[in-house]
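This report describes the fold of one protein chain, from its overall dimensions to its sheet and the helices packed on it.

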Amino acid sequence: MKIDVLTLFPAMFAGPLDESIIKRARESGRLDLRIHNLRDYAHDRHRTVDDRPFGGGPGMLLKPEPIFEAVEGLARDTTRVILLSPSGRTFNQAITRELAGFDHLLLISGHYEGFDERVREQLADDELSIGDYVLTNGALPVMVIVDAVTRLLPGVLGDEESAHEESFNHGLLEYPQFTRPAEFRGMKVPEVLLSGNHAEIARWRAEQARLRTQERRPDLL
Ligand code: 9D3
């Protein structure tokens, strides 16, 4: 998969996507990730990317010309163009699976009070938020989406992780897990997990997952 990112803060992307699973996905060519500075698409001497809203009001908007020219330069006919903004639909694992099915994503990070509406109308195929809290810009949301989508690409997770992904919990929270030692500072691992009785262990885990989900995330049931 190719992912192009358009942002005013390209330096924020150095680090989080250069580690671990995403690093390996990039090195193996399964993810081709390119970060582009929106300011490079401004024309004037001051590299202006924002302006005041018509009709007045607080803050600045991203002006349309640099974004239109960037998209025209970067998008192909199969590209999914996605805006990141607090007004988008809330990102989740179903949307992650949806995005993993495209061969090219162009993620456009917001800033200031938002986008000129013509960017939404003419350029965007989708608009996503990562949740109901206010960030300073859309760069972290872009990284969240790149991370979530990349781990679903074929060959990115190892066999064991992929199998786990497929059997995952039937939409419940994870059951409690323990590793050695069997007793730590007086805290004992539940006896059933030491029993070697795999049918009983499976029953206990299913029950724990259900109880924990009921307690913490009844909306999932
Ligand atoms: C009405 C004023 N603000 C909306 C809550 C304006 C505004 C604040 C912060 C506009 C943009 C931003 C920067 N945030 C994002 O661009 C953003 C975001 C977020 O803040 N939370 C969750 N997901 C996202 S995706 C992009």
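Helices (H or I, at least four residues) and strands (E, at least two) are DSSP runs, numbered from the N terminus. On this basis the protein chain has eight helices and ten strands. The model is predicted: local features need pLDDT of at least 70, side-chain atom pairs count only at pLDDT 80 or more, and totals for chains, interfaces and linings use all residues. Residues are numbered from 1 along each chain as its sequence is written, and side-chain values use heavy atoms, without hydrogens and water.

The radius of gyration of the protein chain is 22 Å, well over the 17 Å of the globule rule for 221 residues, so the chain is more spread out than a compact globule. The radius is taken over C-alpha atoms, and the rule is 2.2 Å times the number of residues to the power 0.38. Along the principal axes, the C-alpha atoms fill a box of roughly 70 × 40 × 35 Å.

An open sheet of five strands follows the order β2-β1-β6-β5-β8 with parallel pairing; two strands pair if DSSP finds at least two bridges between them. β2 (32-37) and β8 (126-129) stand at the edges, each with a single partner strand, so one side of each lacks a neighbour in the sheet. Five bridges join β5 (residues 80-90) to β8, and isoleucine 82 stands opposite aspartate 126 in β8.

Two helices pack on the sheet, with contact meaning heavy atoms within 4.5 Å. Axes are lines fitted to C-alpha atoms, for helices over the stretch in contact, and angles run from 0 to 180 degrees between N-to-C directions.

| Helix | Strands touched | Angle |
|---|---|---|
| α2 (residues 64-74) | β1, β2, β5, β6 | about 165° with β6 |
| α3 (residues 93-100) | β5, β6, β8 | about 170° with β5 |
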